[in-house]
Amino acid sequence: MEVSQTVETEELMTCLQIQLYHPQQASRALYRMLPLETRHKLQAEDPVRLGRDAQACTFVLADPRVSRKQLSLQAYRTSNSPDMLFSVQNLSQKGRVTVNGFELGFLERAELPGKALIRFGEYEMLIRRENGEAKGSFEVEFGMLAVPPSREMGMVVPNMVPVMDTGSDLSTNGIPPLMSQGPMEMDETIMYQSGRALLP
Amino acid sequence: MELPHTMETEELMTYLQIQLYHPQQASKALYRLLPVDARHKHPAEDPLRLGRDVHGCTFALADPRVSRKQLALQAYHTANSPDMLFSVQNLSQKGHVTVNGSELGYLERAELPNKALVRFGEYELLIRRENGEAKGSFEVEFGVLAVPPSREVGVPSIVPVMDTGSDHSNNGIPPLMSHGPIEMDETIMYQSCSMFLS
């Protein structure tokens with residue numbers, strides 16, 4: 001009787017769900033090089049790079065205004081947690097990347113909370129992480145949002161706190177969690193339903 | 001008058017000196033794929049990967065016992081320091097990587113102090129960093145040590161590993177320390193020490 005060689009694929013993988021929004025996404029094929037709505041398996045030790053440069057990046061945005069290498073997501077572990085964690089790093093010398101309102105300069109990085117809103121240029125990326133057991137790989141799935149997540153989530157910009165990349169600290173130290181500003185207007189039913197789709 | 005477009009290359013780059021030791025380095029061509037004793041310019045946003053796999057790594061060790069992807073050095077900045085800092089991450093599911101005596105499990109990472117002894121398998125890497133101003137790239141240079149650096153300098157006791165990117169003190173990773181004065185009659189060892197204890 002053969003024992004399965006691929007135990008890895010039977011274990012649940014950590015999944016990063018990345019939902020994108022750009023104000024011109026309906027008129028320009030910005031996401032044409034992204035594998036939308038499909039789960040894509042990646043090796044945990046490889047950084048996930050997003051940018052304009054197809055040779056240098058894992059995932060490519062078809063937009064000349066995006067930096068060649070815009071940002072990377074890197075999986076890592078700490079000795080005091082079984083979870084696969086991720087950090088986001090700004091790879092671009094021009095323009096900023098913000099994570100839940102905090103600015104990252106060139107090469108600065110921050111721990112990615114379980115739910116995070118990343119912004120660069122006019123792009124908004126809502127990233128949710130679902131934990132899994134698999135050790136050597138994880139999954140990424142891209143989707144598109146009809147409305148900007150920043151509007152739904154009511155992005156509160158907190159006092160400036162230094163960005164800390166504290167890999168050993170399980171809390172999202174320095175990066176505030178996403179918060180809503182309060183109940184949404186009931187007559188904006190479309191927005192409300194979209195909000196419900198986003199909030200777990 | 002033309003202004004140079006390559007301002008980057010005129011600025012001093014942060015420099016990583018990586019000196020290697022392996023007990024069988026004299027009899028096996030372990031370093032034949034490495035650019036030994038030559039400065040190599042590397043984009044700061046790209047991880048510097050070391051391992052057996054020529055395609056998956058920036059630099060390869062010609063040794064079947066090294067993991068395909070063994071470890072990565074990644075440059076990063078923090079908001080409160082102008083220096084280019086580096087973290088080291090263990091990319092291998094088998095075996096550990098230690099940094100100044102602290103163990104890193106698979107995918108664990110730690111801030112690299114400006115002088116660090118990184119070990120995996122029977123390899124020892126003495127890594128020194130010299131700061132520079134250039135923002136977009138850094139230099140790396142490999143060298144070979146005749147004696148194991150672990151023998152020359154004392155490796156301190158185990159301290160928990162912390163990856164505190166914003167703190168540019170060597171938080172959690174102890175600095176390299178000597179045990180004390182070296183015997184004066186071991187002149188060869190003493191001279192080796194003075195070469196890399198600057």
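A residue is called buried when its relative accessible area is under 20%, exposed when it is over 50%, and partly exposed in between, using a 1.4 Å probe and the protein chains only. With that in hand, take Asn100(B): its relative accessible area is 0%, so Asn100(B) is buried.

Before going further, here is how to read the rest. This is a predicted model, where local features need a pLDDT of at least 70 and side-chain atom pairs count only at pLDDT 80 or more, while totals for chains, interfaces and linings use all residues. Residues are numbered from 1 along each chain as its sequence is written, chains are lettered from A and ligands numbered from 1 in the order in which they are written, and side-chain values use heavy atoms, with hydrogens and water left out.

**Two chains**

Let's put the chains in a table. Helices (H or I, at least four residues) and strands (E, at least two) are DSSP runs, numbered from the N terminus. A contact means heavy atoms within 4.5 Å. Accessible areas come from the Shrake-Rupley method with a 1.4 Å probe, and for residues only the protein chains shown count as cover.

| Feature | Chain A | Chain B |
|---|---|---|
| Secondary structure | three helices, 12 strands | three helices, 12 strands |
| Buried residues | 53% of 200 residues | 56% of 198 residues |
| Contacts with a separation of 6 or more that join residues 24 or more positions apart | 63% | 62% |
| Exposed area | about 9,700 Å² | about 9,400 Å² |
| Share of that area from carbon and sulfur atoms | 52% | 54% |

**How far to trust chain A**

The predictor's confidence in each residue is called pLDDT and runs from 0 to 100. Chain A averages 82, and 72% of its residues score at least 70. Over residues 156-164 of chain A the pLDDT is below 50, and this stretch has 19 contacts in the model beyond near neighbours in sequence. Residues 180-200 of chain A also have a pLDDT below 50, with 23 such contacts. Where pLDDT is low, the predicted coordinates should not be read in detail.

**Two loop residues**

Most residues other than glycine have a negative phi. Leu107(A) has a positive phi, near 70°. You'll find Leu107(A) in the loop between strand E8 (102-104) and strand E9 (109-111) of chain A, and at 0% relative accessibility it counts as buried. Back to Asn100(B): its phi is positive too, near 50°. Asn100(B) lies in the loop between strand E7 (97-99) and strand E8 (102-104) of chain B.

**Cysteines**

A disulfide is a pair of cysteine sulfur atoms within 2.5 Å, and the structure holds zero of them over all chains. For Cys57(A), the nearest cysteine sulfur is that of Cys57(B), 19 Å away. Cys57(A) counts as buried, at 9% relative accessibility. Cys15(A) is buried as well, at 2%.

**Empty space inside**

On a 1 Å grid over the protein atoms alone, a cavity is a set of points where a 1.4 Å probe fits but cannot get out, and lining residues have an atom within 4 Å of a point. Grid points are joined across faces, edges and corners, and a volume is the space filled by probe spheres set on the points. There are six cavities of 30 Å³ or more, and the largest holds about 120 Å³. Of the 13 residues lining the largest cavity, the closest to its centre are Gln74(A), Gln89(A), Arg109(A), Gln74(B) and Arg109(B). E6(A) gives the largest share of that lining, three residues.

Methods:
On a 1 Å grid over the protein atoms alone, a cavity is a set of points where a 1.4 Å probe fits but cannot get out, and a pocket is an open set with protein on both sides within 12 Å along at least five of seven lines; lining residues have an atom within 4 Å of a point.
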